[in-house]
Structure formats: C-alpha cells, structure tokens
Amino acid sequence: MNGGLAVTILWVLLISGVGMMPRDWHWRLGLPMLLLFPFVLGYLAWDMGIYWGLALLVAALSIYRYPARYYGIALWQRLTGDRSGDS
C-alpha cells in the first residue's frame with residue numbers, strides 16, 4: 001500500500017471517529033483535522049495522482065459540508081460584494 005493512501009485512510013478513520021463524538025468535541029478535534037487536510041490531500045495527489053486527489057477532495061467536502069458551505073458563501077459575498085444574506 002502506498003504511503004499517501006495509508007495516510008489518507010488514517011485521516012478518514014480519525015475524522016469519522018471525531019464525527020461520532022459528542023458535538024462539544026467537534027470544533028476541538030475537527031478543526032485540527034481540517035487544518036491537516038491540505039497536507040493529506042497534497043501527499044495523496046503527489047503519491048497516487050491527481051484523480052485520487054480529486055476523489056479525496058469530493059469526499060472531504062462531503063465530510064465538511066457545513067464549513068464548506070459557510071466559507072463558500074462568505075467567499076462568494078466577498079468576491080461579488082453581494083451582502084443580501086446579511087441581516
């Protein structure tokens with residue numbers, strides 16, 4: 001098994017375990033895992049190829065769908081200047 005694939009499987013198992021913990025633990029343990037993600041993604045893409053990296057990116061967006069949505073909307077508002085969602 002390639003090193004990139006082993007690291008990715010370990011990251012997915014750890015983040016899935018964090019997801020099963022009580023909600024109070026999500027930010028304390030999920031944020032470091034989110035900050036670790038670009039390194040895992042880069043290592044997998046470098047070791048296995050770009051298509052494996054894209055597959056991991058799609059899987060991670062599924063895991064981190066709410067932060068991705070929040071920061072995606074914030075980025076869109078910053079780029080377009082649209083503040084219609086603000087109250």
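Where does Pro22 lie?

1. **A loop residue.** Pro22 lies in the loop between H1 and H2. This is a predicted model, so read each point below as a statement about a prediction. Pro22 is exposed, with a relative accessible area of 52%. The cut-off for exposed is over 50%. Now take Leu54, which is 32 residues from Pro22 along the chain. The C-alpha atoms of Pro22 and Leu54 are separated by 30 Å.

2. **The overall fold.** The protein has four helices and zero strands. Along the sequence, the pattern reads α-α-α-α. The radius of gyration is 15 Å, while the globule rule gives 12 Å for 87 residues. The value for the protein is well over that of the rule, so the protein is more spread out than a compact globule. The C-alpha trace spans about 50 × 35 × 15 Å along its principal axes.

3. **Surface and burial.** How much of the protein counts as buried? Of its 87 residues, 17% do. The accessible surface comes to about 6800 Å². Carbon and sulfur atoms hold 69% of that surface.

4. **Contacts along the chain.** Consider the contacts in the protein with a separation of 6 or more. Residues 24 or more positions apart account for 53% of them.

5. **The largest nonpolar core.** Ten residues make up the largest nonpolar core. They are Trp11, Ile15, Val18, Met33, Phe37, Val40, Leu44, Leu56, Ala60 and Tyr64. Three elements give two or more residues to this core: helix H1 (3-19), helix H2 (24-48) and helix H3 (50-63). Which of them gives the largest share? H2 does, with four residues. In soluble globular proteins, nonpolar side chains tend to be buried together.

6. **One core residue up close.** Ile15 belongs to the largest nonpolar core. Set aside residues up to four places away in sequence, and Ile15 touches Gly30, Met33, Ile63 and Tyr64. Among these partners, Met33 and Tyr64 are also members of the core.

7. **A buried threonine.** Is Thr8 buried or exposed? Thr8 lies in helix H1. Its relative accessibility is 7%. Buried means under 20%, so Thr8 counts as buried. Not counting residues up to four places away in sequence, Thr8 touches Val40, Leu44 and Leu56. Those three residues are listed in the largest nonpolar core.

8. **The start of the chain.** Met1 sits in the segment before H1. Met1 is exposed, with a relative accessible area of 77%. Which residues does Met1 contact, leaving aside its neighbours within four places in sequence? The partners are Ala6 and Ile9.

9. **After the last stretch of helix.** Asp82 lies in the segment after helix H4 (65-80). Its relative accessible area is 33%, and Asp82 is therefore partly exposed. Asp82 and Met21 are 61 residues apart along the chain. Their C-alpha atoms are separated by 36 Å.

10. **Charges.** The protein has 6 positive and 4 negative charges. The mean positions of the two groups are 5 Å apart.

Methods. Residues numbered from 1 in each chain as written. Predicted model: local features only at pLDDT ≥ 70, side-chain atom pairs only at ≥ 80, totals over all residues. Heavy atoms only, no water. Rg over C-alpha atoms; globule rule 2.2 N^0.38 Å. Buried < 20%, exposed > 50% of the residue type's maximum accessible area, 1.4 Å probe, protein only. Contact = heavy atoms within 4.5 Å. Areas by Shrake-Rupley, 256 points an atom, 1.4 Å probe, with all protein chains shown as cover. Lys, Arg positive; Asp, Glu negative; His and termini not counted. Charge placed at Lys NZ, Arg CZ, Asp CG, Glu CD. Core = buried A, V, L, I, M, F, W, Y, C linked by side-chain atoms within 4.5 Å.
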